[in-house]
Amino acid sequence: MRIVSREMVVVVGLPVVAPFQDLSTLVPAAWRQLFDRCADLPPSADGTFAEASYHLGEGRYHEVVGVAVPPQTSISGQWTAAHVPAGDWAYCRHTGPVEQIGETFGAIEQWLREQGRTVGGMKLDLGYRADTEPQVHELYVHVPGSDPA
């Protein structure tokens, strides 16, 4: 794990707003819907898909499953956009099963606490694929207070 600096991106796709305990059902359903409609999405730079997650408080989350695109990308259709800020992010590569991504995010958060850093409410997961090829996920947790002015 390490701290990296990221530029702002926008994740364009389908929203899921739900309590944490419902995400394991609702997010995979949103991915299936997205993959059925992915031809209507703006193209991602590397052909992979992304998930942005923002903790709303009291155990509720706002997720957007879709593609990560530059902020100036024109967005058409019935898509939701999650603006992922520039700044410092804790980073870790996840190569295990998709079902264990939550555990890896937990490990990133624990590492941040051990480093004396604040854990931000936004997460970014890059690496989902519409095909059955193995997935490598680039996981990021926002480190607040590091955003450019």
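Which residues form one aromatic cluster? In this predicted model, the members are Trp31, Phe35, Phe49 and Tyr128. That group is a handy place to start, but the overall layout of the chain helps in making sense of it.

The protein chain is built from two helices and eight strands. Reading along the sequence, the order of these elements is β-β-α-β-β-β-β-α-β-β. How big is the whole thing along its principal axes? The C-alpha trace spans about 45 × 35 × 30 Å. The radius of gyration tells a matching story: a compact globule of 149 residues would have a value near 15 Å, and the protein chain has 15 Å, so the two agree. As for what is hidden from the outside, buried residues account for 42% of the 149 residues.

Back to the aromatic side chains. Tyr128, one of the cluster members, belongs to strand S7. Is Tyr128 buried or exposed? Its relative accessibility is 10%, so Tyr128 counts as buried, the cut-off being under 20%. Gln33 comes 95 residues away from Tyr128 along the chain, and the C-alpha atoms of the two are 14 Å apart.

Across the model, the count of aromatic pairs comes to six. Take Tyr91 and Tyr140 as an example: their ring centres are 5.1 Å apart and their planes meet at 45 degrees, which makes the pair a tilted one. The two tyrosines come from distant parts of the chain, with Tyr91 in strand S6 (residues 87-94), Tyr140 in strand S8 (residues 137-142), and their positions 49 residues apart in sequence. Are these two tucked away or out in the open? Tyr91 is buried, with a relative accessible area of 10%, and Tyr140 is buried too, with a relative accessible area of 10%.

Rings also have charged side chains for company. Arg37 lies over the face of Trp79, at 4.2 Å from the ring centre. Something similar goes on at Phe105, where Lys123 lies over the ring face at 5.9 Å from the centre.

Next comes the largest pocket. How much space does the largest pocket hold? The figure is about 760 Å³. Its lining takes in 24 residues, and the closest to the pocket centre are Val27, Glu51, Ile101, Gly102 and Tyr128. Tyr128 therefore turns up twice in this account, as a buried residue and in the pocket lining. Several elements each put at least two residues into the lining: helix H1 (20-37), S3, S4, helix H2 (101-114) and strand S7 (122-128). Which of them gives the most? That is H1, with eight residues. Sorted by class, the lining has twelve nonpolar, five polar and seven charged residues.

A few single residues round out the picture, beginning with Val11 in strand S2 (residues 9-19). Val11 has a relative accessible area of 0%, so Val11 is buried. The C-alpha atom of Val11 is 11 Å from that of Leu41, a residue 30 positions away along the chain.

Leu56 sits in strand S3 and is a different sort of case. With a relative accessibility of 45%, Leu56 falls between the 20% and 50% cut-offs and so counts as partly exposed. Leu56 and Gly121 are 65 residues apart in sequence, and their C-alpha atoms are 7.8 Å apart in space.

Finally, there is an oddity in the backbone. Most residues other than glycine have a negative phi. What is the phi of Glu58? The angle is positive, at about 50 degrees, even though Glu58 is not a glycine. Glu58 is found in the loop between strand S3 (49-57) and strand S4 (60-69). Is Glu58 buried or exposed? With a relative accessible area of 84%, over the 50% cut-off, Glu58 is exposed.

Definitions and conventions. Residues are numbered from 1 along each chain as its sequence is written. This is a predicted model: local features need pLDDT of at least 70, side-chain atom pairs count only at pLDDT 80 or more; totals for chains, interfaces and linings use all residues. Side-chain values use heavy atoms; hydrogens and water are left out. Helices (H or I, at least four residues) and strands (E, at least two) are DSSP runs, numbered from the N terminus. Buried means under 20% relative accessible area, exposed over 50%, partly exposed in between (1.4 Å probe, protein chains only). Rings of Phe, Tyr and Trp (its six-membered ring) pair if their centres lie within 6.5 Å; planes under 30 degrees apart count as stacked, over 60 as edge-to-face and the rest as tilted. A charge sits over a ring if NZ of Lys or CZ of Arg is within 6 Å of the ring centre and within 35 degrees of the ring normal. On a 1 Å grid over the protein atoms alone, a cavity is a set of points where a 1.4 Å probe fits but cannot get out, and a pocket is an open set with protein on both sides within 12 Å along at least five of seven lines; lining residues have an atom within 4 Å of a point. Grid points are joined across faces, edges and corners, and a volume is the space filled by probe spheres set on the points. Ala, Val, Leu, Ile, Met, Phe, Trp, Tyr, Cys and Pro count as nonpolar, Asp, Glu, Lys and Arg as charged, and the others, Gly among them, as polar. The radius of gyration is taken over C-alpha atoms; the globule rule is 2.2 Å times the number of residues to the power 0.38.
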